[in-house]
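Student: Please take me through one part of this model in detail. I would like to see how a pair of helices pack, and what cavities the model holds.

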Amino acid sequence: VIAGLVAMLIANAATIAGAHALLGVAGTRRPATDLVLLLVLRLLLVSLAVEVAGLLGILHTAGVGAVAIAGLGVLWALGLRDWRPRFPLPDAGRLLAVAVAIVAARLAWQVWFFVPYTADALSYHLPKVAEWVRAAAFTREMGLDSHATFPAGFELLEAWWVVFLRHDVVIEMAGVEMLLLAAAATHALARHVGLPSRWACLAAFVAAMTPGLQLGATSCLNDVAVAALVLATAALVVAGAPLGLLALVVGLGLGVKPTYGYALPGLVVLWMLEQRAEPSGRPALGAMAALGAMPALVLGVLGLLAGGFWYARNWLWFGSPVHPMGPGGILNGVGGPVLVQYGPSWSGLLTNLRDLLEHRILDPHAYSGLSRDVAGFGAAAFACGTIALPLALRDADSRFRRLTLGFLASLASVLLLALHDHWYARFVLFFPALLAIAVAWVARGNRWVLLPTTAALALAFLGTLKPDEISPTALRSLVDAGWRERTLAASHRVVWEGDAIGYYADFGEAYWLYRPDYSSRVVYLRAVEAETLAQEMRAAGLRELYTLTGSSRQRQVIADAERRGILRRRPPQTFYELN
Amino acid sequence: MAIPARADVVGVLIGCGVLAWRATVDPAGLWHDWPAIAALYWIVVVRSASPRAERLLTPAVMTYLLVLFARGHLPAVWRSYGWMP
């Protein structure tokens with residue numbers, strides 16, 4: 001553990017140093033934008049390090065550490081040796097700094113005690129991370145969920161946080177990094193529209209306290225990463241960054257999740273509006289384009305490579321870069337309901353928008369990692385932001401209006417392309433950042449606004465102590481458990497002995513079966529009849545399988561196997577043993 | 001601060017449009033309907049053009065919306081935390 005911890009610290013220091021070195025040649029020379037760029041460059045380096053290690057079959061402590069240090073060596077050889085931070089951190093003021101410290105301490109507590117718990121993370125995000133870590137390489141096996149082949153840019157960052165310790169105790173740090181990026185990008189946007197540093201920091205804090213982002217950060221889901229990268233793209237667009245840097249962040253965003261692409265039309269609108277704006281509004285553009293052209297271009301290519309990797313893999317393995325998406329969308333089994341919508345739906349846009357404005361923005365349910373049936377925007381965005389936005393639009397200059405138009409276009413394009421289901425609102429978690437900037441704008445001129453804003457932030461803090469998916473009893477069990485054994489599997493009675501188990505369901509909590517230290521081998525069973533199921537299990541050296549009551553096809557096979565005396569059930573959960 | 005006349009008219013028209021929309025679709029009643037409250041606030045603020053009224057009315061309306069929000073949200077949080085059956 002100590003060696004893994006040291007390697008993790010060294011590798012993180014190496015990527016931060018490398019990001020600083022790259023910033024030296026590709027930076028915008030605007031402190032607020034450069035902070036965003038620094039975090040994006042760090043994400044690029046981590047993504048590339050894990051991708052290279054995964055492809056070379058050295059995805060373990062020594063291998064990833066070696067890739068990180070080799071990367072630093074390359075930067076050194078290229079003459080990029082200035083690794084010192086070259087911009088001042090934002091001045092938040094004493095009171096806000098205390099609030100940030102409290103929230104940071106709370107996040108650290110959540111990272112330490114929370115474990116992967118959301119259905120999507122357990123079913124298809126994390127099983128592939130577990131397979132990679134166990135094999136020390138990228139694997140063809142990704143699990144049985146229909147979403148398993150989705151782009152996995154965020155999983156690279158999660159793999160980074162588990163590979164050194166070979167344990168998932170701090171896996172949530174990946175999301176916390178993205179929350180930091182969202183805050184930095186909001187700060188940069190607030191600075192761009194003319195807010196002084198302290199008020200821009202307030203905007204960043206209000207945005208970071210968005211409940212959907214707060215709980216999403218520790219949920220092992222990639223939606224906070226998407227929101228952060230949308231905001232980072234907007235920050236680079238308004239700073240007049242060269243196209244190479246925009247390609248960098250677009251590549252990383254598309255590599256995390258296609259819903260990032262859903263927001264791109266609004267970012268293109270913002271870019272076009274900024275291009276048409278008076279040159280005096282963007283004084284740094286010419287200098288930046290001249291200074292950053294070649295390095296930015298190289299970084300753009302690297303970003304597109306890092307993110308495009310998943311689409312190329314799907315094209316090679318499955319014949320389509322967007323596999324399993326087809327003209328009918330992604331269905332829940334043959335002839336089943338649509339899980340992921342294909343293309344735009346105007347009626348869907350109206351339904352989503354009306355539902356968002358009339359119901360979900362009021363967050364009528366407790367917050368959850370998946371933002372089920374809530375917007376997750378929080379009280380500050382709702383009560384203060386919706387009132388502040390028109391005031392800021394009236395009083396601020398054209399930069400704020402352009403930003404608003406871009407954000408509204410992104411909101412509309414995401415709602416146009418997202419299926420109306422229980423969870424669609426988590427795809428627009430970038431939008432509250434605009435409302436946060438508006439709140440800071442209005443509060444700067446009217447300090448009374450700080451009173452309801454503070455109350456709203458307190459409400460957000462209270463509402464995000466724990467996600468709805470984790471019951472109070474389960475949380476108590478997590479706190480009481482030692483970190484090595486910490487998991488929710490026992491709370492759901494998913495308990496088994498041995499070091500290998502079969503998984504026989506189309507979806508569900510497959511990740512728990514690996515155990516937190518990835519010591520258990522999980523074999524995904526694909527048999528369609530009882531005999532072949534038994535043969536598959538024997539060939540893999542398995543005595544036991546785990547299934548779910550909702551997997552009807554598999555349950556039929558198991559029922560047949562039970563009738564024929566091939567399998568017997570082991571209570572209390574749905575475990576079955578070979579006879 | 002001076003508000004251009006055209007913005008004044010457009011602002012009021014948007015506010016009235018929102019009110020008309022809410023009058024046709026919302027069964028919950030005016031005082032529970034946040035878009036209607038926001039529209040009314042906006043019409044009053046733009047029409048009054050009084051910095052003092054705006055200074056007090058803005059945090060007041062924000063607080064009202066906050067209470068509206070908390071009434072629906074907090075019981076769900078208490079239930080989730082096991083502090084309420």
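Tutor: What follows is a look at one helix pair and then at the cavities. Keep in mind that this is a predicted model.

Start with the helices. H2 of chain A covers residues 31-56, and H6 of chain A covers residues 153-163. Their axes come within 9 Å and cross at roughly 75°. Angles from 65 to 115 degrees count as roughly perpendicular, so H2(A) is roughly perpendicular to H6(A).

Now the residues. H2(A) brings A:Arg42, A:Leu43, A:Val46, A:Ser47, A:Ala49, A:Val50 and A:Glu51 to the contact. H6(A) meets them with A:Leu156, A:Leu157, A:Ala159, A:Trp160 and A:Trp161. By class, this contact has 9 nonpolar, 1 polar and 2 charged residues.

Next, the cavities. The count is 7 cavities of 30 Å³ or more. The largest has a volume of about 80 Å³. It is lined by 14 residues, and the closest to its centre are A:Ser47, A:Gly153, A:Phe154, A:Leu252 and A:Val256. Both helices of the pair return here: H2, H6, helix H11 (243-256) and helix H14 (285-318) of chain A each give two or more residues to the lining. H6(A) supplies the largest share, 4 residues. The lining has 10 nonpolar and 4 polar residues, with no charged ones.

The second largest cavity has a volume of about 70 Å³. Its lining includes A:Val115, A:Asp168, A:Arg486, A:Tyr511, A:Trp512 and A:Arg515. By class, that lining has 6 nonpolar, 1 polar and 3 charged residues.

Definitions and conventions
Residues are numbered from 1 along each chain as its sequence is written. Chains are lettered from A and ligands numbered from 1 in the order in which they are written. This is a predicted model: local features need pLDDT of at least 70, side-chain atom pairs count only at pLDDT 80 or more; totals for chains, interfaces and linings use all residues. Side-chain values use heavy atoms; hydrogens and water are left out. Axes are lines fitted to C-alpha atoms, for helices over the stretch in contact, and angles run from 0 to 180 degrees between N-to-C directions. Angles under 35 degrees count as roughly parallel, over 145 as roughly antiparallel, 65 to 115 as roughly perpendicular and the rest as oblique. Contact means heavy atoms within 4.5 Å. Ala, Val, Leu, Ile, Met, Phe, Trp, Tyr, Cys and Pro count as nonpolar, Asp, Glu, Lys and Arg as charged, and the others, Gly among them, as polar. On a 1 Å grid over the protein atoms alone, a cavity is a set of points where a 1.4 Å probe fits but cannot get out, and a pocket is an open set with protein on both sides within 12 Å along at least five of seven lines; lining residues have an atom within 4 Å of a point. Grid points are joined across faces, edges and corners, and a volume is the space filled by probe spheres set on the points.
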